[in-house]
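Okay, thanks for making time, everyone. I'd like to walk you through a few local features today, so let me put the structure up.

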Amino acid sequence: IEEGLYSFLSTASAMNALASRVYPVWLPQKVILPAATYRRMATDTSSYLDPVADGEPAMNSGTFEIVFWDEPKNYFAVKTIARACALALMRLNAPLGGMTFLDMEWAGEEDVADDEAHVTGLVGVREQFRITADET
């Protein structure tokens, strides 16, 4: 799923403002802004199926977050980028990164108010999704 998210975030027209500045988990130092990070927050192991034993596709399901970062003066602009991403992901109906997304559920939006935001001096807008993908 992470490959598909990266593929989407780095190539989707809704993400033009990021210009492929998409990173797993942490922002690099001295990154050009705006930028985004993504990570798996949780894995739903109940959705894993053994394709050999069950005769079903192997599925992978989890909760993911994408955080859009920028300077505080650009808070409203980064919020607009985050919402455009959320809408584009929820409308996704094509294979991405070699994987077919079976279900894409938006799980919420919040402003980032944690140590990473405080230390970097940046503002972040977090979009959360529950995603199920076919891994066959």
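Before I point at anything, one definition: buried means under 20% relative accessible area, exposed means over 50%, and partly exposed is whatever falls in between. Also, keep in mind that this is a predicted model.

So, let's start with Trp106. You'll find Trp106 in strand S4, which covers residues 100-111. Is this tryptophan buried or exposed, or somewhere in between? Its relative accessible area is 39%, so Trp106 counts as partly exposed. And Trp106 has company out there: together with Leu87 and Met90, it makes up a nonpolar patch on the surface. The accessible area of the three adds up to about 280 Å².

Okay, now over to the loop between S1 and S2. Strand S1 is 22-24, strand S2 is 35-43, and Pro34 sits in the loop between them. What kind of peptide bond joins Leu33 and Pro34? That one's cis, with omega at about 0°.

Stay with that loop for a moment, because backbone angles come up again. Val25 is in there, and its phi is positive, about 65°, even though Val25 isn't a glycine. On accessibility, Val25 comes out at 39%, so we call it partly exposed.

Then there's Lys30, also placed in the loop between S1 and S2. Lys30 isn't a glycine either, and its phi is positive at about 55°. With 84% relative accessibility, though, Lys30 is over the 50% cut-off, so Lys30 goes down as exposed.

That's my tour; happy to rotate the view if anyone wants another look.

Methods: Residues numbered from 1 in each chain as written. Predicted model: local features only at pLDDT ≥ 70, side-chain atom pairs only at ≥ 80, totals over all residues. Heavy atoms only, no water. Patch = residues over 30% accessible without salt bridge, like charges linked within 9 Å, V, L, I, M, F, W, Y side chains within 5 Å. Areas by Shrake-Rupley, 256 points an atom, 1.4 Å probe, with all protein chains shown as cover. Salt bridge = Lys/Arg side-chain N within 4 Å of Asp/Glu carboxyl O. Helix = DSSP H or I, 4+ residues; strand = E, 2+ residues; numbered from the N terminus. Buried < 20%, exposed > 50% of the residue type's maximum accessible area, 1.4 Å probe, protein only.
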